[in-house]
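Me: I should like a close look at a single part of this structure. Please describe one strand, together with its surroundings, in a connected account.

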Amino acid sequence: MKFVPFAIVALVAVLGCGRFGRQANNTTDPRSASDQPSRAFTLAGKEWKTFELDHTDIMVDLPGPPSDKTPPPTKLPDGIQNIFSSMRVHAYDDKDFGSSYSQLEPTGKNKFDIKGLADTSMTAIKRQAPDLNYTLEIKSPTNAKYDGTFTRNGKSYQLKGCCIFQKTNPSRVWAVITVYPKDNADGRTASQRIIESVAFKNSSEECK
């Protein structure tokens with residue numbers, strides 16, 4: 001059987017980083033450069049907390065509260081219930097820093113492999129960043145790491161994250177993605193801390 005249609009996992013990845021995409025595309029501002037507020041992410045004044053993302057098995061440290069980006073059933077592709085019994089998407093975004101946290105519950109009617117799942121998520125990001133170059137580190141048949149770069153509006157961005165496929169007890173697909181400007185040290189620090197903190201209930205898998 002063919003791998004799950006790109007539209008399904010692509011929808012999850014793009015929704016999670018949706019706010020980031022809108023901000024990166026927003027280049028028109030009538031105010032002078034000196035009048036515009038800074039668009040650079042900073043950790044100044046942030047208070048890190050551990051969040052258990054609603055209706056998921058994901059726990060993660062974040063410098064601010066996440067938002068639920070789960071699409072309503074009417075926005076999902078036809079037939080998705082035959083592939084995933086449920087889907088949840090959360091995000092933490094701040095200025096030019098973006099991150100998403102997705103959980104899908106396979107029905108068991110389709111066969112998956114970790115490389116196919118990870119490549120599909122990156123294909124989704126390519127729709128927003130066509131020059132994305134990425135590598136996958138396949139740690140095991142259930143764990144893959146993302147590492148990529150792309151440009152938006154002349155600025156270079158780094159992409160980091162992981163894709164986890166827990167096959168049983170219970171079956172889950174998790175994707176964690178962070179994006180930040182390569183020259184933003186606070187963004188790099190936030191990405192690293194987020195990825196190192198991610199934990200999945202009932203699983204020994206790690207994102208770091």
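The account that follows concerns strand S4 and the elements around it.

Reply: The coordinates come from a predicted model, and the description below should be read accordingly. Strand S4 covers residues 84-94 and is mostly covered, with eight of its eleven residues buried.

Strand S4 has a partner on either side. Strand S3 (residues 67-68) runs antiparallel to S4 and is joined to S4 by two bridges; within this pairing, Asp 68 has His 90 of S4 as its bridge partner. Strand S5 (residues 97-106) also pairs with S4 in the antiparallel sense, here over ten bridges, and Val 89 is matched with Ser 102 of S5.

S4 and S5 form a hairpin with two residues between the strands, and Lys 95 there adopts a positive phi near 55 degrees. Asp 96 belongs to the loop between S4 and S5. With a relative accessible area of 6%, Asp 96 is buried, since the limit for that class is under 20%. Its side chain meets that of Lys 155 in a salt bridge, at 3.5 Å from N to O. Because Lys 155 lies in strand S8, this pair ties together parts that are 59 residues apart in sequence. Lys 155 itself counts as partly exposed, at 31% relative accessibility.

The wider setting is an open sheet of seven strands with antiparallel pairing, in the order S3-S4-S5-S9-S8-S7-S6. S3 and strand S6 (133-140) are the edge strands, each pairing on one side only.

Two helices lie across strands of this sheet. Helix H4 (residues 185-197) lies across S5, S8 and S9, running at about 165 degrees to S9. Helix H3 (residues 114-128) lies across S6, strand S7 (143-152), strand S8 (155-166) and strand S9 (172-181), and its direction is at about 160 degrees to S6.

The hairpin partner S5 also takes part in a salt bridge, one formed by Glu 105 with Arg 172, whose closest N and O atoms are 3.6 Å apart. This pair links distant parts of the chain, with Glu 105 in strand S5 and Arg 172 in strand S9, 67 residues apart. Arg 172 counts as buried at 11% relative accessibility. Salt bridges with shared partners join Asp 57, Glu 105 and Arg 172 into one network. The structure as a whole holds ten salt bridges.

Notes: Residues are numbered from 1 along each chain as its sequence is written. This is a predicted model: local features need pLDDT of at least 70, side-chain atom pairs count only at pLDDT 80 or more; totals for chains, interfaces and linings use all residues. Side-chain values use heavy atoms; hydrogens and water are left out. Buried means under 20% relative accessible area, exposed over 50%, partly exposed in between (1.4 Å probe, protein chains only). Helices (H or I, at least four residues) and strands (E, at least two) are DSSP runs, numbered from the N terminus. Two strands pair if DSSP finds at least two bridges between them. Contact means heavy atoms within 4.5 Å. Axes are lines fitted to C-alpha atoms, for helices over the stretch in contact, and angles run from 0 to 180 degrees between N-to-C directions. A salt bridge is a side-chain nitrogen of Lys or Arg within 4 Å of a carboxyl oxygen of Asp or Glu.
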